[in-house]
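Let's take a walk through this structure together. Have the sequence and the 3D view side by side, and follow along at your own pace.

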Amino acid sequence: MDVAAARTLIMTRSTLEARGLSSRRIAAAVDAGQLVHVHRGAYVDGAEWASLYSEARHLVKVVAVHDRRRGATAVCALSSAAVLHELPLFRLEPKRVHQFGGQADGHVRSGDRHVARHRIDVPDDDIEIVDGIACTNLARTVADFIRSAPEPAGISAADAAMRRIAWHEGERTYDLAAAEEFRDAVTDRIAAAGRGRGVRRARKLLVIADGRAQLPGESVSRLHLLELGFATPRLQVPIPGPNGCWYHVDFGLDDVDAWGEFDGKGKYSSSEMLGDATPEEALLAEKQREDWIRGTTNRRFPRWGMEHIGTPFALAERLATFHVHAPQG
């Protein structure tokens with residue numbers, strides 16, 4: 001979802017009143033879940049809200065706050081900048097829109113239950129306008145977000161940003177020089193934080209960030225694999241297929257002579273991922289692909305989904321069912 005789409009979901013109090021809803025009826029609709037109050041004088045249909053992912057919900061809040069600002073100069077930051085840059089939040093649903101601005105003392109003003117205003121100055125070079133909304137630029141957003149977010153959300157956002165910078169989908173190539181240039185830009189902004197909170201975690205995540213990860217589930221899987229003691233896996237590994245085609249596997253677990261594949265929720269249901277194929281055709285093609293890879297490489301081929309990456313231990317249990325274990329010692 002982009003800013004324009006988010007804006008179409010927002011209904012103002014005056015719009016609702018024009019439809020015949022009094023203040024009492026609006027309040028009752030909010031209490032009943034028929035409307036969701038996202039900011040001062042801004043509402044979203046309850047059923048529509050329930051259908052949105054957390055990133056889209058937060059973007060709606062960001063737009064509502066921006067469109068109802070009262071002259072104050074502020075820059076969207078942290079998770080609020082992340083959704084403007086279309087980065088994943090991975091299981092985070094922020095309660096408030098985050099803004100930087102004002103005196104640079106680091107404190108957060110909490111008078112507004114919809115907005116957290118951090119008193120942090122942002123250099124002009126770190127500010128970008130996305131669809132008319134001022135926010136921290138991509139490098140600064142990643143630096144701030146991976147310092148403050150849980151590691152699974154942090155690595156998902158860092159990978160997605162790196163992918164935007166360095167991955168070329170048409171050629172399926174990865175620009176290592178562009179990726180390293182972006183990594184350096186994020187590193188510089190982390191260094192500017194000195195010994196602040198989350199710096200050590202941010203540096204750890206930035207070292208392993210890789211834009212070849214296609215989905216947050218792949219990013220989190222890689223984080224867990226490393227925590228379990230596997231060597232750094234190869235990503236999107238090309239394997240020669242029949243009739244001159246190429247298959248690509250999410251993970252090359254070379255230290256245990258295995259492949260690995262994360263199956264996203266929409267792999268066999270999303271129209272975007274299915275293209276012209278039916279779910280049954282996609283499932284059959286995937287089975288034929290896996291059989292070919294197993295047969296030509298003689299490697300084990302564990303697969304897992306979102307339900308297996310809640311913790312490193314959960315992923316280890318899933319891998320063990322395929323007789324794949326992290327090297328010992």
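What follows is a tour of two sheets, a buried helix, the nonpolar core and one cysteine.

Keep in mind as you look around that this is a predicted model. Let's begin towards the start of the chain, with a little sheet. Three strands make up this open sheet, in the order 1-3-2, and they pair in an antiparallel way. At its edges you'll find strand 1 (11–12) and strand 2 (35–39), each of which pairs on one side only. Strand 1 is joined to strand 3 (residues 42–45) by two bridges, again in the antiparallel sense. If you'd like to spot one of these pairings yourself, look for threonine 12, whose bridge partner in strand 3 is alanine 42.

Helices pack against this sheet, too. Helix 3 (residues 23–31) touches strand 2 and strand 3, and its direction makes about 100° with that of strand 2. Helix 5 (residues 54–67) also lies across strand 2 and strand 3, but this one runs at about 55° to strand 2.

Now move along to helix 7. Is it enclosed or open to the outside? Nine of the 11 residues of this helix (residues 138–148) are buried, so the rest of the structure largely encloses it. The buried ones are Leu138, Ala139, Arg140, Thr141, Val142, Ala143, Asp144, Phe145 and Ile146.

Helix 7 has a partner worth a look: helix 10 (residues 199–208). The two pack at an angle of about 115°, and their axes are 7 Å apart. The crossing between helix 7 and helix 10 is right-handed. On the helix 7 side, Ile146, Arg147 and Ser148 take part, and they meet Val199, Arg201, Ala202, Leu205 and Leu206 of helix 10. Sorted by type, the residues of this contact come out as five nonpolar, one polar and two charged.

Two names from helix 7 turn up again in the core. In soluble globular proteins, nonpolar side chains tend to be buried together. Here the largest nonpolar core has 71 residues, and the ones touching the most other members are Val60, Leu84, Val142, Ile146, Phe182, Val186 and Ile190. Take valine 142: leaving aside residues up to four places away in sequence, it touches Leu87, Ala158, Ala161, Phe182 and Val186.

Just before helix 7 comes another spot to pause at, cysteine 135, which sits in strand 9 (residues 133–136). Its relative accessibility is 0%, so cysteine 135 counts as buried. Who are its contacts? Not counting residues up to four places away in sequence, cysteine 135 touches Val75, Cys76, Ala81, Leu84, His85, Asp126, Ile127, Glu128 and Val130. Phenylalanine 100 is 35 residues apart from cysteine 135 along the chain, and their C-alpha atoms are separated by 8.7 Å.

Our last stop is another open sheet, this time with four strands in the order 12-13-14-15 and mixed pairing. Strand 12 (234–240) and strand 15 (303–304) are at the edges with a single partner strand each, so one side of each has no neighbour in the sheet. Six bridges link strand 12 to strand 13 (residues 246–253) in the antiparallel sense, and isoleucine 239 has tyrosine 247 in strand 13 as its bridge partner.

Helices lie across this sheet as well. Helix 11 (residues 216–228) crosses strand 12, strand 13, strand 14 (258–262) and strand 15, at about 35° to strand 13. Helix 13 (residues 279–297) lies across strand 12, strand 13, strand 14 and strand 15 too, running at about 65° to strand 13.

Notes. Residues numbered from 1 in each chain as written. Predicted model: local features only at pLDDT ≥ 70, side-chain atom pairs only at ≥ 80, totals over all residues. Heavy atoms only, no water. Buried < 20%, exposed > 50% of the residue type's maximum accessible area, 1.4 Å probe, protein only. Axes fitted to C-alpha atoms, helices over the stretch in contact; angles between N-to-C directions. Left-handed = near helix turned anticlockwise from the far one by under 90°. Contact = heavy atoms within 4.5 Å. Nonpolar A, V, L, I, M, F, W, Y, C, P; charged D, E, K, R; others polar. Pairing = 2+ DSSP bridges. Core = buried A, V, L, I, M, F, W, Y, C linked by side-chain atoms within 4.5 Å.
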